[in-house]
Amino acid sequence: MLGDASYSIYLWHTLALSVTLKVADRLHLHTGVALVLHVAAGVTLGLVAYHAIEKPVLLFFRRPKYRHGAPVPGGV
């Protein structure tokens, strides 16, 4: 699953990192704890984005537009 979601993780981890940096700074978290928070938030946000955005978009564009040579109404 992480492999499938790797592109979404790559795209969204910077947002998660910027948010968790501010949270860790305000809470004065130890560096090790903050690092775990950063990684967990980046992967979690990437997985959420994969399931909510990337996967539905990919399925939409992969749907069959023709069935046995005849156009399918609505492309479904």
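Q: In which loop is His28 found?
A: The model is predicted. His28 is not part of either helix named here; its place is the loop between α1 and α2.Q: What is unusual about the sign of phi at His28, and what is its value?
A: Most residues other than glycine have a negative phi. His28 is not a glycine, yet its phi is positive. The value is about 55°.

Q: Is His28 buried or exposed?
A: The relative accessible area of His28 is 70%. The cut-off for exposed is over 50%. His28 is therefore exposed.

Q: In what order do the elements of the protein run from the N terminus?
A: The protein has 2 helices and 2 strands. From the N terminus on, the order is α-α-β-β.

Q: At what angle do helix α1 and helix α2 pack?
A: Two packed helices are described by the angle between their axes and the distance between the axes. Helix α1 covers residues 6–27 and helix α2 covers residues 31–62. Their axes are 7 Å apart. The packing angle is about 140°.

Q: Which word describes how α1 and α2 lie to each other?
A: Their angle is about 140°. Roughly antiparallel needs over 145 degrees, and roughly perpendicular spans 65 to 115. The angle fits neither class, so α1 and α2 are oblique.

Q: Which residue classes make up the contact of α1 with α2, and how many residues are in each?
A: α1 passes α2 in a right-handed crossing. By class, their contact has 18 nonpolar, 6 polar and 1 charged residues.

Q: Is Ser8 buried or exposed?
A: Ser8 sits in helix α1. Its relative accessible area is 4%. Buried means under 20%, so Ser8 is buried.

Q: Which residues does Ser8 touch, not counting residues up to four places away in sequence?
A: Ser8 belongs to helix α1. Leaving out residues up to four places away in sequence, Ser8 touches Gly46, Ala49, Tyr50 and Glu54.

Q: What is the geometry of the aromatic pair formed by Phe60 and Phe61?
A: The count comes to 2 aromatic pairs. One of them joins Phe60 and Phe61, at 5.1 Å centre to centre and 80° between the planes. Planes over 60 degrees apart count as edge-to-face, so this pair is edge-to-face.

Q: Which term fits Phe60: buried, partly exposed or exposed?
A: Phe61 is exposed, with a relative accessible area of 58%. Phe60 has a value of 42%. That lies between the 20% and 50% cut-offs, so Phe60 is partly exposed.

Q: What percentage of contacts between residues at least 6 apart in sequence join residues at least 24 apart?
A: The protein has 76 residues, of which 21% count as buried. Among its contacts between residues at least 6 apart, the share joining residues at least 24 apart is 57%.

Notes: Residues numbered from 1 in each chain as written. Predicted model: local features only at pLDDT ≥ 70, side-chain atom pairs only at ≥ 80, totals over all residues. Heavy atoms only, no water. Phe/Tyr/Trp six-rings, centres within 6.5 Å; stacked < 30°, edge-to-face > 60°. Buried < 20%, exposed > 50% of the residue type's maximum accessible area, 1.4 Å probe, protein only. Axes fitted to C-alpha atoms, helices over the stretch in contact; angles between N-to-C directions. Helix = DSSP H or I, 4+ residues; strand = E, 2+ residues; numbered from the N terminus. Parallel < 35°, antiparallel > 145°, perpendicular 65-115°, else oblique. Left-handed = near helix turned anticlockwise from the far one by under 90°. Nonpolar A, V, L, I, M, F, W, Y, C, P; charged D, E, K, R; others polar. Contact = heavy atoms within 4.5 Å.
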